[in-house]
Amino acid sequence: MTNSIVSFGRSSGGDQTKEMSEVTRNTPAIDDEEILCGIRGWVEIETPSPDGEAVNRLADVVQSEATALGGRVERIPGRDGYGDILTVRSPWGGDEPGILILSHLDTVHAVGTLEFANPFRRDGDRVYGPGIFDMKSGAYLAFYAFQHLVRSGQETPLPLTFLYVPEEEIGSPTSRQVIEDTAQKNKYVLVTEPAHNGLCCTARKGVLHVDMKVYGRPAHAGSRHQDGRSALRELAHQIVTLESLTDYERGITVNVGLASGGSFINVVPAEAEAKVCIRAPETEQLEALKKHVLALQPDDVDVKLEITAEVNRPVFPRLEGTVELFKHAREICRKIGFDLEERHSGGGSDGNFTAALGIPTLDGLGADGHGHHTLDEYILFSSLKPRARMWVQLLQTLT
């Protein structure tokens, strides 16, 4: 692999002197405008999780860009309507245990969001767009670091594996096994989820998904109301019971996110259902909550409940290896010129799967910003260059 002299854009003052010095050393400069251009290219391909074809349009771009850098690409066809799973391996290092960089290409936003609700635009330090914060900027930052290393003619001590999954936002139902299998072949996992106020993530709550179906008895709402058994009334009772399990002091939250039922306004509802998301910081809590929920009984003895509960994401524990990984990253960031602190997040990510396997996992290494899953989603342009430098040095120094 030969070195090449590459220069990007124009700078002034100290930055210009620094970039000229980097070019003199035959090392391409890290250019935040170029980074933003790459992020924009990914953001402007809208990728809602359920639309496999849309996600694959971005996977095509990532595959093409990675192949041009000499990356070894493997692509597993999607199933159940979801997009493909894309793996890119560095051209160096072979198959020995290395670093897994874990990203997702899907977002929560429907096609058309870019045109109307949250178009790509830059307003001072803020750069807006659907999925730009969660997590296309982070995924691209890690890719840019790989690109920078290739352009510089550098190889990292450990081989790099980039895994791009298509359906993280709905729980990674088709990619979880690939994530776990790939993680077990690596020493470290770095997750490109967004930073929150500059904080990375060393632990996350586990997630329990509950589906509740209620079967009552239909009747005419006027002439034979007494014969009916309302599934909606029963569901309302169960919702209150479920949400009363929330315990902020213990870190437990219960959210009934979806509920529906009934057929006509003049019919006692025969069926109703709800979908519930329960989160807890400890595995024992999650298992106890699952057991409790599955044992719930109807308030009305003439009504039937059907309940299923599944741990969607295991608890992401604060492992000793993760703490050491965080300390290493923090020292890199200190030398770059910004503070990296840690947090314990209530949100889940694919990092839950890898940390639960005991593999040191550092999460939340994407761009800084605000508003993930909203129509006011943005990143901070000023975070791009320091975060890119962090990524380059992390990949260069982990052994």
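In this predicted model, Ala-388 is buried, its relative accessible area being 0%. The residue belongs to helix H10, which covers residues 384-397. Because the cut-off for a buried residue is under 20% relative accessible area, the value of 0% places Ala-388 in that class. Leaving aside residues up to four places away in sequence, Ala-388 touches Ile-30, Ile-35, Leu-141 and Tyr-144. One of these neighbours, Leu-141, is separated from Ala-388 by 247 residues in sequence, yet the two C-alpha atoms are 5.7 Å apart in space.

The chain as a whole can be described in similar terms. Among contacts between residues at least 6 apart in sequence, 78% join residues at least 24 apart. The protein chain has 399 residues, of which 51% count as buried. Its secondary structure consists of 10 helices and 17 strands, and its C-alpha atoms fill a box of roughly 90 × 45 × 40 Å along the principal axes.

In soluble globular proteins, nonpolar side chains tend to be buried together. Here, the largest nonpolar core holds 62 residues, and within this core Leu-190 and Trp-391 touch the most other members. Helix H4, residues 132-152, gives the most to this core, with 12 residues. Apart from this core lies another, of 24 residues, including Ile-252, Ala-272, Ala-274 and Val-303.

Trp-391 touches Ile-101, Leu-141, Ala-142, Ala-145, Leu-190, Thr-192 and Leu-365, again not counting residues up to four places away in sequence. Leu-141 thus appears among the contacts of Trp-391 and also among those of Ala-388.

The other residue singled out in the core, Leu-190, leads to strand E7, which spans residues 188-191. Both faces of this strand are covered: Tyr-188 and Leu-190 are buried on one side, and Val-189 and Val-191 are buried on the other. Strand E3, residues 99-104, runs parallel to E7 and is joined to it by 4 bridges. In this pairing, Ile-101 stands opposite Leu-190; both residues are also touched by Trp-391. Strand E7 pairs with strand E15, residues 361-362, as well, in the parallel sense and over 2 bridges. There, Thr-361 of E15 is the bridge partner of Val-189.

Surface and charge complete the description. The accessible surface of the protein chain comes to about 17700 Å², and 49% of this area belongs to carbon and sulfur atoms. The chain carries 40 positive and 57 negative charges, whose mean positions are 2 Å apart.

Notes:
Residues are numbered from 1 along each chain as its sequence is written. This is a predicted model: local features need pLDDT of at least 70, side-chain atom pairs count only at pLDDT 80 or more; totals for chains, interfaces and linings use all residues. Side-chain values use heavy atoms; hydrogens and water are left out. Buried means under 20% relative accessible area, exposed over 50%, partly exposed in between (1.4 Å probe, protein chains only). Two strands pair if DSSP finds at least two bridges between them. Contact means heavy atoms within 4.5 Å. Accessible areas come from the Shrake-Rupley method with a 1.4 Å probe; for residues, only the protein chains shown count as cover. Lys and Arg count as positive and Asp and Glu as negative; His and the chain ends are not counted. The place of a charge is taken as NZ of Lys, CZ of Arg, CG of Asp or CD of Glu. A nonpolar core is a set of buried Ala, Val, Leu, Ile, Met, Phe, Trp, Tyr and Cys residues joined through side-chain atoms within 4.5 Å.
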